[in-house]
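Good morning, colleagues. Please look at the sequence and the structure as they appear on the screen.

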Protein chains: 2
Amino acid sequence: MNNFVFYSPTCFVFGKETENQAGAYVTRFGGTKVLIHYGGGSVVRSGLLDRVKASLDAAGIPYVELGGVKPNPRSGLVYEGIELCRREGVDFVLAVGGGSTIDSSKAIAAGVLYDGDFWDFYCGKAHVAKALPVGTVLTIAAAGSEGSGDSVITKEEGMFKRGTGSDALRPKFSILNPALTQTLPPFQTASGITDILAHLYERYITHTQEVEVTDRMIEALMMTLVKEGPRVIEDPNNYEARANIMWAGMMAHNNSCGVGRSQDWLSHQIEHELSALYDCSHGSGLAVTMPAVFSYELPHAVMRFAQVANRVWGCPMDFANPEATAKAGIKALQNFLTGLGMPRNFAELGAKEEDIPKLVETLCYGDGGNGTIGGFLTLDTAACTEIYRAML
Amino acid sequence: MNNFVFYSPTCFVFGKETENQAGAYVTRFGGTKVLIHYGGGSVVRSGLLDRVKASLDAAGIPYVELGGVKPNPRSGLVYEGIELCRREGVDFVLAVGGGSTIDSSKAIAAGVLYDGDFWDFYCGKAHVAKALPVGTVLTIAAAGSEGSGDSVITKEEGMFKRGTGSDALRPKFSILNPALTQTLPPFQTASGITDILAHLYERYITHTQEVEVTDRMIEALMMTLVKEGPRVIEDPNNYEARANIMWAGMMAHNNSCGVGRSQDWLSHQIEHELSALYDCSHGSGLAVTMPAVFSYELPHAVMRFAQVANRVWGCPMDFANPEATAKAGIKALQNFLTGLGMPRNFAELGAKEEDIPKLVETLCYGDGGNGTIGGFLTLDTAACTEIYRAML
């Protein structure tokens with residue numbers, strides 16, 4: 001196991017009706033003037049935004065609002081949010097929504113206290129040393145941003161999708177009410193489950209030997225999704241299944257199960273170009289990307305893929321031919337995702353074969369790239385092309 | 001799943017030679033005058049105490065020392081530590097040792113800022129609202145106190161062993177270097193593994209339905225111990241196995257796998273009387289206690305004990321007779337513990353049949369008790385007697 005530092009100081013407030021405690025938690029963590037940041041109409045229509053406002057009112061905390069966050073959140077709204085916070089003297093950013101809204105909120109929170117262009121944090125020119133405190137009211141189990149110090153933003157000029165990470169961006173508190181996810185359309189629920197599974201696979205695929213404790217924890221969270229995923233697609237109102245998925249989504253990405261080991265993140269990098277270009281959901285892009293990436297990686301990690309196939313997917317271990325078990329596990333993953341309603345290829349995703357050269361170019365050379373991408377393997381443009389073509 | 005709040009703000013610094021960062025972390029968390037609190041000679045003989053002092057010196061942080069913590073830490077030394085901190089203007093308590101040293105440090109940290117008798121926190125008369133910041137340099141994977149807000153102290157007058165808990169007692173940082181545990185005698189290593197397993201069983205035995213995510217996480221940590229435990233007994237210098245156990249020990253008790261569900265803790269209550277009376281190690285007491293308690297509980301939780309038997313201990317599920325599977329799992333646990341060198345009955349523990357009435361009396365009526373103890377089941381004196389007698 002490698003040396004590591006693990007620091008997850010977020011206070012998680014979990015369960016029914018917990019959104020009504022938002023105001024009290026803003027006060028506890030020192031907020032006196034709030035930006036409520038959110039996305040589209042669903043948080044308005046569901047009455048969630050009103051409940052959060054009522055909670056802030058009850059705590060005597062004034063606020064301003066900025067809606068309009070889109071999936072794959074854009075830099076334009078971040079600049080707008082930074083200006084608004086400075087103008088209004090905001091000292092706390094409250095995200096009400098999913099991963100996109102939280103990521104946008106983190107970008108605003110970092111940008112407000114930074115003299116330069118906030119994009120510096122995302123293109124690697126600067127590290128986030130400080131940020132306004134952020135709180136979240138989560139509406140979808142997916143990105144894990146509610147428990148992480150990570151944020152991904154798409155720069156409109158060039159459509160570059162890039163991420164940053166810092167302990168300064170970890171939310172002070174995150175309110176997780178599984179009931180809020182019951183009204184999600186099945187496709188969004190399935191996209192979220194896929195994203196959580198991807199966060200687990202990205203940590204599972206490692207060069208580090210002797211990491212039984214984190215292997216077992218990752219497998220535990222995967223098995224939870226394998227059991228509970230189909231249940232929420234079958235019955236969207238199953239609170240208990242929603243609750244298990246929601247806690248798994250946080251645990252999958254606060255990194256308690258990824259510490260002390262090299263990680264992969266090739267699937268995320270390769271997918272990011274798809275959702276940036278086609279504006280598909282991150283999860284649906286991952287559903288198509290993961291089997292292609294894992295099949296490419298398989299010869300370099302046969303026993304690891306056999307292990308997850310056996311322990312999580314219940315594939316019998318073929319001791320004479322572990323590669324057969326490993327392949328069966330990737331097939332089981334793909335079947336599971338398809339069963340949730342996720343796409344399995346470019347056509348179902350709405351991606352186009354003729355765009356592959358452009359995808360590879362942006363992936364490997366965009367925004368300062370040097371022609372390769374790095375993860376469990378280092379991939380050049382030929383390898384990336386092969387992986388995209390495997391998704392056809 | 002029940003509503004819950006989960007807050008684990010401790011910064012965990014994990015890996016080789018990390019004790020040399022103690023001074024830097026005290027500074028990061030605001031300490032300017034430190035009490036170094038420790039136990040017996042091993043931290044002195046191993047040179048660990050000198051390395052920690054050198055790290056404080058390098059950071060320019062003055063300190064005072066208080067050694068002498070014993071297993072099942074006593075109230076007398078806590079009073080002494082409180083006085084010392086007040087006299088010397090200490091503003092940070094640094095525990096260098098195992099669970100006993102950390103628990104004693106937490107008691108001192110709470111007591112310094114409290115006007116009354118610190119024992120008020122342990123007998124239920126007061127809640128710890130504030131405490132001096134605590135840091136830890138852990139020397140044994142066992143109690144989980146490095147990541148919890150809990151503390152257990154034995155009051156010398158009457159030998160009452162009682163616990164308290166508060167987020168204010170969670171360490172600011174905990175330094176976990178698995179190499180520091182390599183010099184432990186095998187019996188202490190095994191006691192620690194037993195304690196970790198007990199923390200997991202206490203959370204596993206629940207009345208709460210539909211808790212797949214935390215069930216799976218608990219099982220993951222149990223399976224880690226089942227694999228790695230025998231390896232460290234076989235080869236005490238196996239750093240990788242030590243590392244997996246150490247992270248499992250923290251995760252087992254910071255409660256990330258115990259949230260949203262009722263817990264048991266009958267084994268701990270029943271054991272506490274044994275280690276208080278005989279001064280045996282907490283782990284060896286638990287090794288004798290757990291099989292007796294679980295066998296008593298079994299008829300009330302057949303499928304739960306069958307689940308852990310099947311998933312963790314690899315006992316084949318007997319679909320015609322789940323109780324047989326459940327029993328096989330308890331037997332497998334006992335065999336595992338015995339294989340590590342733990343005792344299996346009163347005689348091997350050094351406990352005496354004739355003390356049972358006294359044990360039951362203290363357990364059920366001591367320090368304000370009402371004649372029963374509560375956990376997964378409510379037990380009266382007859383039930384407690386039956387359980388102690390099953391350990392003969």
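What pLDDT does chain A average? Chain A averages 96, where pLDDT is the predictor's confidence in each residue, from 0 to 100, and 100% of its residues score at least 70. This is a predicted model, in which local features need pLDDT of at least 70, side-chain atom pairs count only at pLDDT 80 or more, and totals for chains, interfaces and linings use all residues. Residues are numbered from 1 along each chain as its sequence is written, while chains are lettered from A and ligands numbered from 1 in the order in which they are written. The model has an ipTM of 0.96 and a pTM of 0.97.

I turn to the two copies. A turn of 180° with a shift of 0.0 Å along the axis lays chain B on chain A with an RMSD of 0.0 Å, superposed by least squares on the C-alpha atoms of residues with pLDDT of at least 70 in both. The copies are therefore related as by a two-fold rotation axis. In chain B, the C-alpha nearest that axis belongs to B:Pro9, 1.8 Å from it. Because 97% of the interface residues of chain B are also interface residues in chain A, the copies meet through the same surface.

Next, the domains of chain A. The assignment, automatic or from a database, gives domain 1 (11-180) and domain 2 (185-389). Their C-alpha centres lie 26 Å apart. The contact (C-beta atoms, placed from the backbone, within 7 Å) takes 22 residues from domain 1 of chain A and 27 residues from domain 2 of chain A.

Methods
Contact = placed C-beta atoms within 7 Å.
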